[in-house]
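Hi,

Here is the structure I promised to send over. Have a look at it first, then read on.

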Amino acid sequence: MRRVLSLLGTSVLRSRVGIAVALAIVVFAVVGVARAMSGPDDRSTGSAQPFETSTPPESSGSIEGDDGVVEPTAATLDPGPSLSPGARQPAAVAETFAKAWLNRTAKADAWHAALAAHATATLETKLEGVDPVVVPAERLTGQATVVPQGTGLAEVSFPVDSGILVLRLVVEKGRWLVDGVDWERG
């Protein structure tokens with residue numbers, strides 16, 4: 001009897017069916033161990049969460065078959081109800097700030113005051129004690145490029161004589177204010 005089981009076991013393990021059964025047992029064992037290690041599952045506790053409904057994104061054209069990045073539109077520049085009526089647009093605020101930032105010959109106090117008029121309190125604090133001589137550019141060399149980043153947030157970049165000046169603007173106190181300054185070597 002022992003000899004029969006031995007021959008049967010050896011021949012089964014050598015057949016395709018035997019190998020398939022052995023692989024299935026290994027797969028079930030791995031899945032079982034993974035589930036045991038992952039902890040409790042919300043579905044197994046009976047506390048099913050209701051489905052959340054959402055509205056589909058607005059689109060001006062067909063997006064069928066398009067899995068690319070959605071480009072922001074001019075409509076996304078609308079910061080919502082927090083922007084005061086008649087407030088200046090991001091490009092205008094950014095240009096005023098950029099011209100003041102590039103004024104390297106100004107006294108430090110006057111330079112700081114000119115920037116503070118168009119900056120958030122956070123940026124104003126970061127700019128305290130900065131000497132305008134360290135600004136890595138001298139003049140604007142082109143027009144602003146405005147990239148809306150969402151409601152109440154925009155990025156405005158300007159070509160300058162030594163690269164690109166990038167300003168991050170946010171809506172604060174009912175108007176657009178510069179919240180970040182970056183410079184990219186060109």
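Below is what turned up, going from the overall layout to two of the helices.

One thing up front: this is a predicted model. The protein has 5 helices and 4 strands, and from the N terminus on they run α-α-α-α-α-β-β-β-β. Of the 186 residues, 24% are buried. The protein exposes about 13600 Å², with carbon and sulfur atoms supplying 58% of that. As for contacts between residues at least 6 apart in sequence, 48% of them join residues at least 24 apart.

Now to helix α4, which spans residues 108-116. Its buried residues are W111, H112, L115 and A116. Looking down the axis of α4, these fall within an arc of 130°, so they line one face of the helix. The general background is that an α-helix has 3.6 residues a turn, so residues three or four places apart point the same way. And what covers the buried residues of α4? The cover includes α3 (90-101) and α5 (121-127).

The other spot to look at is on the surface. V17, V21 and I25 form a nonpolar patch there, and together they have about 300 Å² of accessible area. I25 sits in helix α2, residues 16-38. Is I25 buried or exposed? Its relative accessibility is 55%, and exposed means over 50%, so I25 counts as exposed.

Cheers

Definitions and conventions. Residues numbered from 1 in each chain as written. Predicted model: local features only at pLDDT ≥ 70, side-chain atom pairs only at ≥ 80, totals over all residues. Heavy atoms only, no water. Buried < 20%, exposed > 50% of the residue type's maximum accessible area, 1.4 Å probe, protein only. Helix = DSSP H or I, 4+ residues; strand = E, 2+ residues; numbered from the N terminus. Arc of directions from axis to C-beta. Contact = heavy atoms within 4.5 Å. Areas by Shrake-Rupley, 256 points an atom, 1.4 Å probe, with all protein chains shown as cover. Patch = residues over 30% accessible without salt bridge, like charges linked within 9 Å, V, L, I, M, F, W, Y side chains within 5 Å. Salt bridge = Lys/Arg side-chain N within 4 Å of Asp/Glu carboxyl O.
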